[in-house]
Amino acid sequence: MVLATFISALLLAALASKIVRHWLMRKSLSSHMTNRLPPGPPRWPIVGNLLQLGQLPHRDLASLCEKYGPLVYLKLGNIDAITTNDPKIIHEILVSQDDVFASRPQTLAAVHLAYGCGDVALAPLGPHWKRMRRICMEHLLTTKRLESFSKHRSEEAQHLVKDVLGRAQGGRPINLREVLGAFSMNNVTRMLLGKQYFGSKSSGPQEAMEFMHITHELFWLLDVIYLGDYLPMWRWFDPYGCEKKMREVEKRVDDFHSKIIEEHRKAREYKVRREESDGDMDFVDVLLSLPGEDGKEHMDDVEIKALIQV
């Protein structure tokens, strides 16, 4: 009995010693790192400097640089961050140390709405990003490929002029934002999807409005500053339903992309059966014709969807 008590006491003392030693080491490391960090404003527990950023965070960050120097350290919840207004430091970040700072932060919106950060814009720097970028530059955004759509752009320009002329002759007011938005959207969707969403040969107002609505919601959510990215506990409550909205839009976007891919795949199969040439290929047709990674016959649908979204 005495021996068991003695052994238990030794184990308890060893555990306490290990905890204290670990705490002291962390405190020493934290103190060492703090001495190496740039100056910055005092931080609150848990939230750090989040409460010092208001509705116009870019102005708040500029004010902090004016107060604490050209390079300022901030703790945004559990995220370490720096901000600067010095051209030399900016050059260092964007040019000299580009490989260190090139990757985008994997925000919750990017994970949900960009296929796990799998597209060119939001993928971390690495083999996957290089492959996706190479596909864009070699197969989608080449001069020859873009020139092949010159006829479509000419048709859209003629349609734009006729539309504006018709409205002007009829004495109707012209909403330039609406007219030019439709013109730009048609140019993009005809290259990307082979569809005209606005105009005489449009795919129908319902599909056009669905496309526009999804696009607006997608970019709004990608642009939102979500506290759950900085305070993980915020995600437990999600008081404004932001993450729920992301999941809803994620499903709608994926369903829309799946529908587009399936339509193109069926059209390609139909042409093969009739032994017809591909003719004018839009971007989705091109992506469906490319081989996949690691010797696969075709690209994965997720990769195609991520590139469509870009």
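The legends below describe close-up views of salt bridges and of the largest pocket in a predicted model.

The model is a prediction in which local features need pLDDT of at least 70 and side-chain atom pairs count only at pLDDT 80 or more, whereas totals for chains, interfaces and linings use all residues. Residues are numbered from 1 along each chain as its sequence is written, and side-chain values use heavy atoms, with hydrogens and water left out.

**View A. Salt bridge between Arg-190 and Glu-155.** The side chains of Arg-190 and Glu-155 meet with an N to O distance of 2.8 Å, which satisfies the definition of a salt bridge as a side-chain nitrogen of Lys or Arg within 4 Å of a carboxyl oxygen of Asp or Glu. Because Arg-190 lies in helix α9 (residues 176-192) and Glu-155 in helix α8 (residues 150-169), the pair ties together parts that are 35 residues apart in sequence; helices here are DSSP runs of H or I with at least four residues, strands are runs of E with at least two, and both are numbered from the N terminus. Arg-190 is buried at 15% relative accessibility, while Glu-155 is partly exposed at 29%, where buried means under 20% relative accessible area, exposed over 50%, and partly exposed in between (1.4 Å probe, protein chains only).

**View B. Salt bridge within helix α12.** Asp-255 and Lys-251 are joined by a salt bridge of 2.9 Å, N to O, and both belong to helix α12 (residues 242-273), where they stand four residues apart, about one turn of the helix. Asp-255 is partly exposed, with 40% relative accessible area, and Lys-251 is exposed at 54%.

**View C. Lys-75 with Asp-80, and a network of salt bridges.** The closest N and O atoms of Lys-75 and Asp-80 are 3.1 Å apart, and Lys-75 is partly exposed at 24% relative accessibility. Arg-131, Glu-293 and Glu-303 are linked in a network, and a search of the whole structure finds 15 salt bridges.

**View D. The largest pocket.** This pocket has a volume of about 1800 Å³, taken as the space filled by probe spheres set on grid points that are joined across faces, edges and corners. Of its 42 lining residues, the closest to the centre are Leu-76, Pro-105, Thr-107, Ile-225 and Tyr-230. On a 1 Å grid over the protein atoms alone, a pocket is an open set of points where a 1.4 Å probe fits, with protein on both sides within 12 Å along at least five of seven lines, and lining residues have an atom within 4 Å of a point. Strand β2 gives the most to the lining, with six residues.
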